[in-house]
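Let's take a walk through this fold together, one region at a time. Keep the viewer open as you read.

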Amino acid sequence: MKGRIHSLESFGTVDGPGIRYVVFTQGCPMRCQYCHNPDTWEVNAGTWMDSEEILSNYDKNRAFYKNGGITVTGGEPLLQIDFVTDLFEKSKKENIHTCIDTSGITFVQGNSEYLKKLDRLLSVTDLVMLDIKHINMEAHKKLTGHSNERILQFAEYLEKKKIPVWIRHVLVPGITDDPKYLTELGNYIGGLSNLKALDVLPYHNMGKSKYEQLGIDYPLKDLDNCPKEKVVWAKSLILDGIRQKRQKN
Ligand code: SF4
(Lines give C-alpha, C1' and ligand atoms only; values in the text may rest on other atoms or scores of the structure.)
Protein backbone atom coordinates (compact mmCIF):
# COMPACT_ATOMS: atom_id res chain seq x y z
CA MET A 1 0.00 0.00 0.00
CA LYS A 2 1.17 3.54 -0.72
CA GLY A 3 1.23 6.52 1.64
CA ARG A 4 1.97 10.20 1.18
CA ILE A 5 5.43 10.72 2.63
CA HIS A 6 7.05 14.02 3.51
CA SER A 7 10.55 12.68 4.20
CA LEU A 8 12.61 9.86 5.71
CA GLU A 9 15.37 9.91 8.31
CA SER A 10 17.74 6.94 8.50
CA PHE A 11 19.22 7.44 11.98
CA GLY A 12 16.65 9.04 14.29
CA THR A 13 17.59 9.15 17.99
CA VAL A 14 14.72 11.13 19.52
CA ASP A 15 11.66 9.34 18.17
CA GLY A 16 11.46 6.26 20.36
CA PRO A 17 13.92 3.78 21.88
CA GLY A 18 17.29 3.13 20.20
CA ILE A 19 18.30 4.20 16.71
CA ARG A 20 15.27 4.39 14.44
CA TYR A 21 14.24 4.65 10.84
CA VAL A 22 11.83 7.59 10.92
CA VAL A 23 9.03 8.05 8.40
CA PHE A 24 7.52 11.55 8.28
CA THR A 25 4.05 11.34 6.77
CA GLN A 26 2.45 14.23 4.90
CA GLY A 27 -0.66 16.05 6.16
CA CYS A 28 -1.77 17.41 9.54
CA PRO A 29 -5.11 18.91 10.63
CA MET A 30 -3.57 20.68 13.64
CA ARG A 31 -2.01 24.14 13.48
CA CYS A 32 0.22 24.24 16.54
CA GLN A 33 1.68 27.72 16.88
CA TYR A 34 5.13 26.30 17.57
CA CYS A 35 5.12 23.66 14.80
CA HIS A 36 8.55 23.48 13.17
CA ASN A 37 7.27 21.36 10.27
CA PRO A 38 4.59 23.52 8.59
CA ASP A 39 5.68 21.96 5.30
CA THR A 40 4.01 18.70 6.49
CA TRP A 41 0.56 20.34 6.91
CA GLU A 42 -0.77 20.15 3.34
CA VAL A 43 -2.59 16.86 2.89
CA ASN A 44 -2.32 16.76 -0.91
CA ALA A 45 1.44 17.09 -1.07
CA GLY A 46 4.40 14.79 -0.35
CA THR A 47 5.57 11.79 -2.38
CA TRP A 48 3.63 8.55 -2.74
CA MET A 49 5.73 5.69 -1.38
CA ASP A 50 5.03 2.01 -1.04
CA SER A 51 5.42 0.31 2.35
CA GLU A 52 7.67 -2.32 0.69
CA GLU A 53 9.97 0.43 -0.58
CA ILE A 54 10.20 1.89 2.93
CA LEU A 55 11.02 -1.51 4.40
CA SER A 56 13.64 -2.20 1.79
CA ASN A 57 15.30 1.13 2.74
CA TYR A 58 15.12 0.01 6.38
CA ASP A 59 16.84 -3.25 5.45
CA LYS A 60 19.86 -1.43 4.03
CA ASN A 61 20.86 -0.34 7.56
CA ARG A 62 19.09 -3.05 9.54
CA ALA A 63 22.09 -3.79 11.80
CA PHE A 64 21.97 -0.24 13.20
CA TYR A 65 18.37 -0.63 14.34
CA LYS A 66 18.84 -3.74 16.50
CA ASN A 67 17.83 -1.85 19.69
CA GLY A 68 15.53 0.53 17.80
CA GLY A 69 13.07 0.06 15.00
CA ILE A 70 10.73 2.08 12.84
CA THR A 71 8.81 5.22 13.89
CA VAL A 72 6.06 6.87 11.90
CA THR A 73 5.59 10.55 12.65
CA GLY A 74 4.54 13.60 10.67
CA GLY A 75 2.51 15.57 10.07
CA GLU A 76 -0.16 13.38 11.60
CA PRO A 77 0.44 9.70 10.73
CA LEU A 78 -3.01 8.55 11.81
CA LEU A 79 -4.55 10.52 8.93
CA GLN A 80 -3.19 7.61 6.85
CA ILE A 81 -4.19 4.83 9.21
CA ASP A 82 -4.55 2.15 6.49
CA PHE A 83 -1.07 2.84 5.16
CA VAL A 84 0.53 2.81 8.65
CA THR A 85 -1.29 -0.45 9.45
CA ASP A 86 0.04 -2.03 6.27
CA LEU A 87 3.58 -0.83 7.02
CA PHE A 88 3.45 -2.07 10.62
CA GLU A 89 1.90 -5.44 9.73
CA LYS A 90 4.79 -6.02 7.34
CA SER A 91 7.26 -4.71 9.95
CA LYS A 92 6.04 -7.12 12.63
CA LYS A 93 6.48 -10.04 10.22
CA GLU A 94 10.15 -8.97 10.11
CA ASN A 95 10.30 -8.60 13.91
CA ILE A 96 10.79 -4.83 13.76
CA HIS A 97 9.84 -2.66 16.78
CA THR A 98 7.06 -0.25 15.73
CA CYS A 99 6.25 3.17 17.13
CA ILE A 100 3.74 5.90 16.20
CA ASP A 101 4.34 9.52 17.16
CA THR A 102 0.91 11.16 17.08
CA SER A 103 -1.12 14.11 18.31
CA GLY A 104 -4.14 11.79 18.74
CA ILE A 105 -6.40 14.36 17.02
CA THR A 106 -7.95 11.86 14.58
CA PHE A 107 -9.46 9.69 17.34
CA VAL A 108 -13.23 9.24 17.02
CA GLN A 109 -14.88 7.90 20.15
CA GLY A 110 -17.76 5.48 19.60
CA ASN A 111 -17.30 5.06 15.82
CA SER A 112 -17.15 1.27 15.50
CA GLU A 113 -15.79 1.25 11.95
CA TYR A 114 -12.96 3.61 12.91
CA LEU A 115 -12.23 1.74 16.15
CA LYS A 116 -11.97 -1.54 14.24
CA LYS A 117 -9.27 0.00 12.06
CA LEU A 118 -7.53 1.50 15.06
CA ASP A 119 -7.55 -1.82 16.92
CA ARG A 120 -6.00 -3.51 13.90
CA LEU A 121 -3.22 -0.90 13.88
CA LEU A 122 -2.69 -1.10 17.65
CA SER A 123 -2.34 -4.89 17.46
CA VAL A 124 0.91 -4.31 15.50
CA THR A 125 2.10 -1.22 17.41
CA ASP A 126 4.69 -1.62 20.18
CA LEU A 127 4.69 1.97 21.40
CA VAL A 128 2.70 5.18 21.00
CA MET A 129 4.35 8.53 21.58
CA LEU A 130 1.45 10.86 22.34
CA ASP A 131 1.89 14.62 22.31
CA ILE A 132 -0.26 16.41 24.86
CA LYS A 133 0.15 20.03 23.80
CA HIS A 134 -1.81 21.59 26.67
CA ILE A 135 -3.95 20.04 29.41
CA ASN A 136 -6.38 22.98 29.51
CA MET A 137 -8.99 22.79 26.76
CA GLU A 138 -9.25 26.53 26.05
CA ALA A 139 -5.48 27.00 26.05
CA HIS A 140 -5.16 23.95 23.78
CA LYS A 141 -7.64 25.45 21.32
CA LYS A 142 -5.72 28.70 21.25
CA LEU A 143 -2.40 26.89 20.77
CA THR A 144 -3.44 24.31 18.14
CA GLY A 145 -6.80 25.39 16.70
CA HIS A 146 -8.46 22.28 18.20
CA SER A 147 -9.90 21.12 21.53
CA ASN A 148 -7.88 18.47 23.39
CA GLU A 149 -11.00 16.34 23.96
CA ARG A 150 -10.19 13.71 21.30
CA ILE A 151 -6.56 13.59 22.40
CA LEU A 152 -7.43 12.81 26.01
CA GLN A 153 -10.05 10.28 24.88
CA PHE A 154 -7.33 8.65 22.76
CA ALA A 155 -4.97 8.53 25.75
CA GLU A 156 -7.67 6.77 27.77
CA TYR A 157 -8.39 4.34 24.92
CA LEU A 158 -4.71 3.41 24.75
CA GLU A 159 -4.78 2.73 28.47
CA LYS A 160 -7.81 0.49 28.06
CA LYS A 161 -5.97 -1.40 25.31
CA LYS A 162 -2.77 -1.60 27.45
CA ILE A 163 -0.61 -0.01 24.74
CA PRO A 164 2.64 1.40 26.19
CA VAL A 165 2.69 5.19 25.92
CA TRP A 166 5.35 7.89 26.09
CA ILE A 167 3.88 11.31 26.71
CA ARG A 168 5.55 14.28 25.05
CA HIS A 169 5.04 17.89 26.02
CA VAL A 170 6.68 20.87 24.34
CA LEU A 171 7.58 23.62 26.77
CA VAL A 172 6.81 26.98 25.18
CA PRO A 173 7.67 30.00 27.35
CA GLY A 174 4.55 31.99 28.22
CA ILE A 175 2.24 29.39 26.62
CA THR A 176 2.74 25.91 28.12
CA ASP A 177 4.83 26.72 31.20
CA ASP A 178 2.14 27.67 33.72
CA PRO A 179 2.99 25.65 36.90
CA LYS A 180 -0.71 25.06 37.58
CA TYR A 181 -1.20 23.32 34.24
CA LEU A 182 2.09 21.43 34.41
CA THR A 183 0.97 19.90 37.71
CA GLU A 184 -2.47 19.26 36.22
CA LEU A 185 -0.85 17.49 33.27
CA GLY A 186 1.10 15.34 35.76
CA ASN A 187 -2.12 14.54 37.65
CA TYR A 188 -3.76 13.49 34.39
CA ILE A 189 -0.99 11.28 33.04
CA GLY A 190 -0.35 9.88 36.53
CA GLY A 191 -3.74 8.20 36.14
CA LEU A 192 -2.60 6.33 33.02
CA SER A 193 -1.36 2.87 34.01
CA ASN A 194 0.29 2.39 30.58
CA LEU A 195 2.59 5.43 30.97
CA LYS A 196 6.17 4.34 30.27
CA ALA A 197 8.04 7.63 29.89
CA LEU A 198 7.71 11.40 29.78
CA ASP A 199 9.58 13.68 27.38
CA VAL A 200 9.54 17.41 28.01
CA LEU A 201 10.93 19.11 24.94
CA PRO A 202 12.18 22.70 24.83
CA TYR A 203 10.56 25.02 22.29
CA HIS A 204 12.97 26.12 19.59
CA ASN A 205 12.43 28.52 16.73
CA MET A 206 14.26 26.48 14.07
CA GLY A 207 11.09 26.32 11.99
CA LYS A 208 10.98 30.10 11.49
CA SER A 209 12.68 30.05 8.08
CA LYS A 210 10.22 27.41 6.80
CA TYR A 211 7.32 29.77 7.57
CA GLU A 212 9.10 32.53 5.67
CA GLN A 213 9.65 30.22 2.67
CA LEU A 214 6.01 29.12 2.71
CA GLY A 215 4.77 32.71 3.14
CA ILE A 216 2.88 31.79 6.33
CA ASP A 217 2.83 34.13 9.30
CA TYR A 218 4.79 32.63 12.21
CA PRO A 219 2.86 33.49 15.38
CA LEU A 220 5.87 32.96 17.68
CA LYS A 221 8.44 34.88 15.64
CA ASP A 222 9.44 37.07 18.59
CA LEU A 223 9.84 34.20 21.03
CA ASP A 224 13.29 33.00 22.09
CA ASN A 225 14.25 29.34 22.47
CA CYS A 226 13.27 27.73 25.78
CA PRO A 227 16.27 27.38 28.14
CA LYS A 228 17.21 23.81 29.15
CA GLU A 229 17.00 24.63 32.90
CA LYS A 230 13.35 25.49 32.44
CA VAL A 231 12.73 22.03 30.99
CA VAL A 232 14.25 20.43 34.12
CA TRP A 233 11.99 22.62 36.29
CA ALA A 234 8.86 21.81 34.24
CA LYS A 235 9.58 18.09 34.22
CA SER A 236 9.93 18.05 38.00
CA LEU A 237 6.51 19.74 38.34
CA ILE A 238 4.89 17.19 36.01
CA LEU A 239 6.56 14.33 37.91
CA ASP A 240 5.27 15.80 41.20
CA GLY A 241 1.80 15.83 39.65
CA ILE A 242 2.18 12.15 38.67
CA ARG A 243 3.28 11.25 42.22
CA GLN A 244 0.39 13.18 43.81
CA LYS A 245 -2.08 11.33 41.64
CA ARG A 246 -0.54 7.93 42.33
CA GLN A 247 -0.39 8.52 46.10
CA LYS A 248 -4.12 9.30 46.10
CA ASN A 249 -4.98 6.06 44.25
S1 SF4 B 1 0.54 18.15 15.39
FE2 SF4 B 1 2.74 18.17 14.94
S3 SF4 B 1 2.88 18.43 12.71
FE4 SF4 B 1 0.79 18.96 13.31
S5 SF4 B 1 0.81 21.17 13.57
FE6 SF4 B 1 1.20 20.26 15.57
S7 SF4 B 1 3.42 20.11 15.79
FE8 SF4 B 1 2.95 20.46 13.60
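A residue is called buried when its relative accessible area is under 20%, exposed when it is over 50%, and partly exposed in between. With a relative accessible area of 34%, K161 is therefore partly exposed. Please bear in mind that what you are looking at is a predicted model.

K161 is a good place to begin, since its side chain meets that of D119 in a salt bridge, with 3.5 Å from N to O. D119 belongs to helix α3 (residues 112-122), while K161 sits in the loop between α5 (149-160) and β7, so this pair ties together parts that lie 42 residues apart in sequence. Like its partner, D119 is partly exposed, at 28% relative accessible area.

The structure holds 19 salt bridges, and a second one worth finding joins the side chains of D39 and K210, again at 3.5 Å from N to O. Here the pair links distant parts of the chain: D39 is in the loop between β2 (20-25) and β3 (47-50), K210 is in helix α7 (residues 208-214), and 171 residues separate the two. D39 counts as partly exposed at 26% relative accessibility, and K210 is partly exposed too, at 24%.

Next, turn to helix α8, which runs over residues 228-248. Its 21 residues reach 31 Å from the first C-alpha to the last, close to the 30 Å expected at 1.5 Å a residue. Which residues of α8 are buried? They are V231, A234, L237, I238, G241 and I242. These residues cover an arc of only 140° around the axis, which puts them on the same side of α8. The spacing makes sense in general terms: an α-helix has 3.6 residues a turn, so residues three or four places apart point the same way. Among the elements that cover the buried residues of α8 are β7 (165-171), α6 (179-190) and β8 (195-202). On the face turned away from the buried side, you will find the exposed residues K228, E229, V232 and Q247.

Helix α8 also takes part in a salt bridge, in which the side chains of K230 and D177 meet at 2.5 Å from N to O. K230 lies in α8 and D177 in the loop between β7 and α6, so the pair ties together parts that are 53 residues apart in sequence. How accessible are the two partners? K230 is partly exposed, with a relative accessible area of 26%, whereas D177 is buried, at 12%.

Some charged residues go beyond simple pairs: D15, D101, R168 and D199 are linked in a network of salt bridges.

Now look for N148, in the loop between α4 (137-144) and α5. At 2% relative accessibility, N148 counts as buried. Leaving aside residues up to four places away in sequence, N148 touches H134, I135, N136, M137 and H140. The C-alpha atoms of N148 and G104 are separated by 9.0 Å, with their positions 44 residues apart along the chain.

Finally, come back out to the surface, where F11, I19 and F64 form a nonpolar patch. Together the three have about 280 Å² of accessible area. F64 is found in the loop between α1 (51-60) and β4 (69-73).

How values were computed: Residues are numbered from 1 along each chain as its sequence is written. This is a predicted model: local features need pLDDT of at least 70, side-chain atom pairs count only at pLDDT 80 or more; totals for chains, interfaces and linings use all residues. Side-chain values use heavy atoms; hydrogens and water are left out. Patches are made of residues with over 30% relative accessible area and no salt bridge: like charges are joined within 9 Å, nonpolar side chains (Val, Leu, Ile, Met, Phe, Trp, Tyr) within 5 Å. Accessible areas come from the Shrake-Rupley method with a 1.4 Å probe; for residues, only the protein chains shown count as cover. A salt bridge is a side-chain nitrogen of Lys or Arg within 4 Å of a carboxyl oxygen of Asp or Glu. Helices (H or I, at least four residues) and strands (E, at least two) are DSSP runs, numbered from the N terminus. The expected span of a helix is 1.5 Å times one less than its number of residues. Buried means under 20% relative accessible area, exposed over 50%, partly exposed in between (1.4 Å probe, protein chains only). The arc is that of the directions from the helix axis to the C-beta atoms. Contact means heavy atoms within 4.5 Å.
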